[in-house]
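Colleague: Got a minute? I'd like to go through this protein with you, starting with how its parts fit together.

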Amino acid sequence: MKYHIVTYGCQMNLHESEKIAGVLKECGYAEEAPAEEADIIVFNTCCIRENAENHAFGNIGALKQLKRQKKDLLIAVGGCMVQEEGKAAILREKFPFIDILFGTHNLPELRSLIERKRKQRKAVVSVPAERAETEDRLVPVRTSFPNAWVNIMYGCNNFCSYCIVPYVRGRERSRSAEEVLREVRSLVAEGYREITLLGQNVNSYRDGDVDFPALLDMVASVEGKFRVRFMTSHPKDFSAELVAVMKKHPKICNHLHLPVQSGSSRILSLMNRRYTREKYLEEIALLRREIPDCEVTTDLIVAFPTETEEEFGETLSLVEEADFSSAFTFIYSPRTGTRAAAMEGRIPEDVAKSRITRLIALVNEKTREKSAKYVGKTVEILCEDYDEKRGMYLGRDEYGRMGYFKSDTPKIGEWIELYVKEANGISLYGEPVE
Ligand code: SAH
Ligand code: SF4
Ligand code: F3S
């Protein structure tokens with residue numbers, strides 16, 4: 001029997017899909033296959049913005065036909081959307097052909113849900129549990145060799161006023177440092193070359209006396225040649241200790257993803273981010289003083305309720321000042337149940353579109369400028385994949401830039417010294433040197 005998983009959303013979800021694949025294997029679905037050949041199709045959904053939900057609705061709807069042709073096909077929908085208040089009911093009503101619904105809190109129960117569904121025809125619905133059982137005993141089927149994701153914590157307590165994550169992922173819970181280290185050691189021993197520590201807000205990790213800088217220090221002290229990344233950091237918890245640990249270990253990538261969201265302190269306060277523009281810029285300054293070649297990437301939201309043209313201008317000027325090497329940019333999307341959704345002063349769509357267009361143009365220009373500096377230089381990339389269309393291998397440097405090159409021999413999992421001949425946006429093109 002075969003399975004097919006469709007994943008939306010963040011790296012947390014991508015990793016969760018690896019755990020879902022682990023459960024499917026236990027249930028006898030031996031290999032991954034295209035949707036048309038699969039015996040079970042699982043959607044791992046995201047609800048961070050409206051368009052993420054619309055994508056999922058569209059693609060689940062498209063399965064009706066397949067389900068009609070193939071009576072035994074099972075369709076399961078899980079992830080953040082299912083955990084969202086009232087959404088499971090809507091999904092059930094819109095798509096009565098869904099067999100299994102499971103929230104982010106129900107992953108450990110997925111196996112029994114599948115087994116139950118196989119025995120009875122009626123749709124099995126698991127009501128999202130209030131608190132998550134730990135997922136730690138699930139064994140992921142890793143799909144991204146030589147990179148591996150390792151959860152260090154689940155959930156979020158921050159309640160940024162625009163964000164639905166705390167509602168669908170529940171309260172913060174950290175894994176034990178011992179368990180994280182055991183997992184990292186075994187991944188390195190298996191040959192994984194890049195470990196990404198995952199959490200919605202890794203800086204608030206805590207296991208007894210072990211805080212995030214201490215955990216990072218321990219992870220980077222594991223023997224072997226590998227890289228360490230982590231995401232996501234919250235500026236309110238950024239610390240000199242974190243910078244010191246990054247500086248101490250060459251294994252930790254000199255790249256920090258530090259979402260700022262807005263350049264206006266008034267908007268940041270409305271967003272409940274608990275830092276100001278000035279504090280954010282001080283953090284970046286400290287980081288660059290200590291680690292001059294460190295690159296910073298970020299997330300930005302435009303058209304938050306009541307954002308003025310001037311305040312949007314502050315986001316533009318912050319992009320210049322902070323000197324980001326790239327950024328994810330979003331138009332604010334109201335999420336039912338969050339505080340911002342009840343705020344007055346919605347920004348009209350045409351204004352929001354004009355702002356995001358200007359922001360993207362600026363971000364792209366910065367990215368191009370930064371990448372161009374690498375032409376004529378050699379960067380170390382970790383080869384992670386082969387791009388069929390381009391006929392090239394690809395991998396990332398420590399800053400997260402993609403490097404492309406040709407090779408006649410398999411290179412996935414190898415460290416490559418890439419002599420950069422051309423740069424295009426966030427991508428570098430070159431030749432391996434010995
Ligand atoms: N935990 C991470 C990121 C979570 S979601 C953090 O705090 O940084 C990833 C990004 O999606 C956020 O950084 C934010 O920029 C964006 N985002 C979240 N909710 C949004 C919303 N309602 N509308 C638009 N963008 C949103
Ligand atoms: Fe959402 Fe804020 Fe938590 Fe990030 S820190 S997941 S943006 S509430
Ligand atoms: Fe989306 Fe859930 Fe991640 S809402 S961004 S998949 S935590």
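Modeller: Sure. One term before we start: buried area is the accessible area, taken with a 1.4 Å probe, that two parts lose on being put together, summed over both. Also, keep in mind that this is a predicted model.

Colleague: Okay, which domains does the assignment give?

Modeller: It gives domain 1 (2–126), domain 2 (144–253), domain 3 (257–372) and domain 4 (378–432).

Colleague: Let's take domain 1 and domain 2. How many residues does each put into the contact?

Modeller: Domain 1 puts in 16 residues and domain 2 puts in 17 residues. Their C-alpha centres are 28 Å apart.

Colleague: And what area is buried between domain 1 and domain 2?

Modeller: About 1,400 Å², with carbon and sulfur atoms giving 59% of that. On the domain 1 side, Gln11, Met12 and His15 supply 41% of what domain 1 buries there, more than any other three residues.

Colleague: New topic: how many salt bridges does the rule find across that interface?

Modeller: Just one turns up between domain 1 and domain 2. There are also seven residue pairs in polar contact across the interface, both residues being at pLDDT 80 or more.

Colleague: Which elements of domain 1 give two or more residues to the side touching domain 2?

Modeller: Those are α1 (11–26) and α4 (80–83). The largest share, eight residues, comes from α1.

Colleague: How do the residues on that side divide into nonpolar, polar and charged?

Modeller: Six are nonpolar, six are polar and four are charged.

Definitions and conventions
Residues numbered from 1 in each chain as written. Chains lettered and ligands numbered in written order. Predicted model: local features only at pLDDT ≥ 70, side-chain atom pairs only at ≥ 80, totals over all residues. Heavy atoms only, no water. Domains from an automatic or database assignment. Contact = heavy atoms within 4.5 Å. Salt bridge = Lys/Arg side-chain N within 4 Å of Asp/Glu carboxyl O. Polar contact = N/O pair within 3.5 Å; in protein donor to acceptor, adjacent residues only side chain to side chain. Helix = DSSP H or I, 4+ residues; strand = E, 2+ residues; numbered from the N terminus. Nonpolar A, V, L, I, M, F, W, Y, C, P; charged D, E, K, R; others polar.
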